[in-house]
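Hi,

Here is the structure I promised to pass on. Please have a look at it alongside my notes.

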Amino acid sequence: MQLARVVGNVVTTRKDENLAAVTLLILQPIAPDGTDMGRTLVAVDAAGAGVGERVFFVRGKEASFPFHPVEVPTDAGVVGIVDHWSLT
Amino acid sequence: MIIGRVIGTVVSTHKHAKFEGAKLLLVQPVTLDDQPKGPALLAVDGVGAGIYEKVLLVIEGRAAAEILGRKGAPVDAAIVGIIDAIDVDPALVA
């Protein structure tokens with residue numbers, strides 16, 4: 001999983017029917033020191049995260065597991081909202 | 001699998017149910033000569049690794065879910081071992 005900031009969301013009406021009723025969030029992956037890292041991406045939301053929150057997301061087929069048995073066609077999914085993290 | 005060093009811990013109370021009770025650690029992948037390489041990632045801790053320890057990471061969902069002990073968990077990285085020593089023949093490494 002990786003840390004990220006939720007920077008926005010995506011609304012699409014014409015989409016694969018398995019994506020119906022799934023919230024799409026725009027994530028900016030961040031490094032442990034909070035700085036942005038790499039490109040933004042769109043992820044499905046399985047944790048109820050809001051814009052501005054810091055989250056962690058999973059990549060790959062596992063991102064669709066929270067929506068089982070619906071086969072959500074996705075490769076990234078928010079699975080937790082981060083309260084805080086501590087670095088040594 | 002890759003080698004990494006534990007650099008921190010993450011607290012998340014509001015998370016997917018299958019993460020219940022899982023310990024989440026921040027791990028920085030490192031090269032054979034211990035230089036940070038690539039983005040830090042979050043991994044489920046299966047062996048009780050501590051901060052600064054060098055660990056063995058599996059970066060694949062099914063294996064990571066096994067460490068978590070829950071099939072079908074939305075997880076893609078887990079710590080499967082704490083590394084005591086690495087010896088490499090420098091002549092063989094670029």
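Below are my notes on how chain A and chain B meet.

This is a predicted model, in which local features need pLDDT of at least 70 and side-chain atom pairs count only at pLDDT 80 or more, while totals for chains, interfaces and linings use all residues. Residues are numbered from 1 along each chain as its sequence is written, chains are lettered from A in the order in which they are written, and side-chain values use heavy atoms, with hydrogens and water left out.

Between them, chain B and chain A bury about 2100 Å², 61% of it on carbon and sulfur atoms (accessible area lost on being put together, 1.4 Å probe, summed over both). The side of chain B that touches chain A has 18 nonpolar, eight polar and three charged residues (Asp, Glu, Lys and Arg count as charged; Ala, Val, Leu, Ile, Met, Phe, Trp, Tyr, Cys and Pro as nonpolar; the others, Gly among them, as polar). S1(B) gives the most to that side, with five residues (strands are DSSP E runs of at least two residues, numbered from the N terminus).

S1(B) also runs antiparallel to strand S6 (residues 84–87) of chain A, joined by four bridges (strands pair if DSSP finds at least two bridges between them). There, A:Ser86 stands opposite B:Thr9.

You may also like this one: the whole structure has one aromatic pair over all chains (ring centres of Phe, Tyr or the six-membered ring of Trp within 6.5 Å; planes under 30 degrees apart are stacked, over 60 edge-to-face, the rest tilted). A:Phe56 and B:Phe19 form it edge-to-face, at 5.5 Å centre to centre and 90° between the planes.

Best wishes

Technical notes: Buried area = accessible area lost by both parts, 1.4 Å probe.
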